Structures are given as C-alpha cells and as structure tokens.
Amino acid sequence: QVQLVESGGGLVQAGGSLRLSCAASGRTNMYNMGWFRHAPGKEREFVASISWSGSVTQYADFVKGRFTISRDNAKNTVYLQMSILKPEDTAVYYCARSLVWSRVAPEYDYWGQGTQVTVSS
C-alpha cells in the first residue's frame, strides 16, 4: 500500500516562499513523482514532476524559474520549493506517483490528501 502525505502549506505574502514536502510510504523510489494543484473554480493542473532518479524534471510554464522540485530517495520524500509566490498560486497542492513520464493527472495512480497554499496580495 502506498501512502503520500503532503505538508508545508500555509499562508504567505506575495513574493514569499514555501517548501512543500511529500512523505511517501510504500513503493515510490522507482517511480516518477509529480506535484499538481487545484484552485477553487479551476481544473486541477500539473505543476512539476521529477524522474525516479531525480535527474530529470519538468515544469508547467507558469512556475518555471520560481519553483523547484527535488527528491531524497533515502528519505522517501519529494519536495517542492516555491519562491516568488503570487496570489494566483493559491491552491491545494497534491503530490502523486506515476510509472510513466507525464503531465497528465490520470496517469498518476496514488495521490496525497493535499496541502493548502494561500498567497495574500
């Protein structure tokens, strides 16, 4: 059984930073991991993903240069460092696991419960 638990969300002012963590139990070290977000009134959207080795990453255009995804397989943890946060980054952020290299949510099979990020202007 795989469990993903996100943490690190909170309230931050525009321009500030947060680091999200996704602690995994079960089989995740050989899987690609991704972060998605879901804002009220919007569809869930891809944010970033990282390969199982950590050597390859990809980002949504709207976070390039501001967010960094990383992982520590020894700790079974994936991180999302978020900087220069904007009010439009306000959303629930989810981590998820995938066998394939993808930006598409249905190709991720296990999801965490999410952590709320709120950016005030």
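This text walks through a predicted model, from its nonpolar core to its disulfide, a buried arginine and a central pair of strand contacts.

Start with the core. The largest nonpolar core holds 32 residues. Those with the most contacts inside it are Trp35, Val47, Phe67, Ile69, Leu80, Met82 and Tyr93. Several strands feed this core with at least two residues each: strand 3 (18-25), strand 4 (32-38), strand 5 (45-50), strand 7 (67-72), strand 8 (77-82), strand 9 (91-98) and strand 11 (115-120). In soluble globular proteins, nonpolar side chains tend to be buried together.

Methionine 82 gives a closer view. Not counting residues up to four places away in sequence, methionine 82 touches Gly16, Ser17, Leu18, Leu20, Arg66, Phe67, Tyr93 and Val117. Two of these names, Phe67 and Tyr93, also appear among the core residues with the most contacts.

Next, the disulfide. The structure holds 1. Cysteine 22 is joined to cysteine 95, with an S to S distance of 2.0 Å. Cysteine 22 sits in strand 3 and cysteine 95 in strand 9, so the bond ties together parts 73 residues apart in sequence. The torsion about the S-S bond is about 55 degrees, so this disulfide is right-handed. Is cysteine 22 buried or exposed? It is buried, because its relative accessible area is 1%, under the 20% cut-off. Cysteine 95 also counts as buried, at 1% relative accessibility.

Now turn to arginine 66. This residue lies in the loop between strand 6 (57-59) and strand 7. At 10% relative accessibility, arginine 66 counts as buried. What does its side chain meet? A polar atom of the arginine 66 side chain lies 2.9 Å from the backbone oxygen of isoleucine 84. Leaving out residues up to four places away in sequence, arginine 66 touches Gln81, Met82, Ser83, Ile84, Leu85, Lys86 and Asp89.

Strand 4 comes last. Of its 7 residues, 6 are buried, so the strand is mostly covered. Strand 4 pairs with strand 9 in the antiparallel sense over 7 bridges. Within that pairing, arginine 37 stands opposite tyrosine 93. Strand 4 also runs antiparallel to strand 5, joined by 5 bridges. Here phenylalanine 36 stands opposite phenylalanine 46. In a regular strand the side chains alternate between the two faces of the sheet. Strand 4 and strand 5 form a hairpin with 6 residues between them. In its turn, glycine 41 has a positive phi of about 80 degrees.

Technical notes
Residues numbered from 1 in each chain as written. Predicted model: local features only at pLDDT ≥ 70, side-chain atom pairs only at ≥ 80, totals over all residues. Heavy atoms only, no water. Core = buried A, V, L, I, M, F, W, Y, C linked by side-chain atoms within 4.5 Å. Buried < 20%, exposed > 50% of the residue type's maximum accessible area, 1.4 Å probe, protein only. Helix = DSSP H or I, 4+ residues; strand = E, 2+ residues; numbered from the N terminus. Contact = heavy atoms within 4.5 Å. Disulfide = S-S within 2.5 Å. Polar contact = N/O pair within 3.5 Å; in protein donor to acceptor, adjacent residues only side chain to side chain. Pairing = 2+ DSSP bridges.
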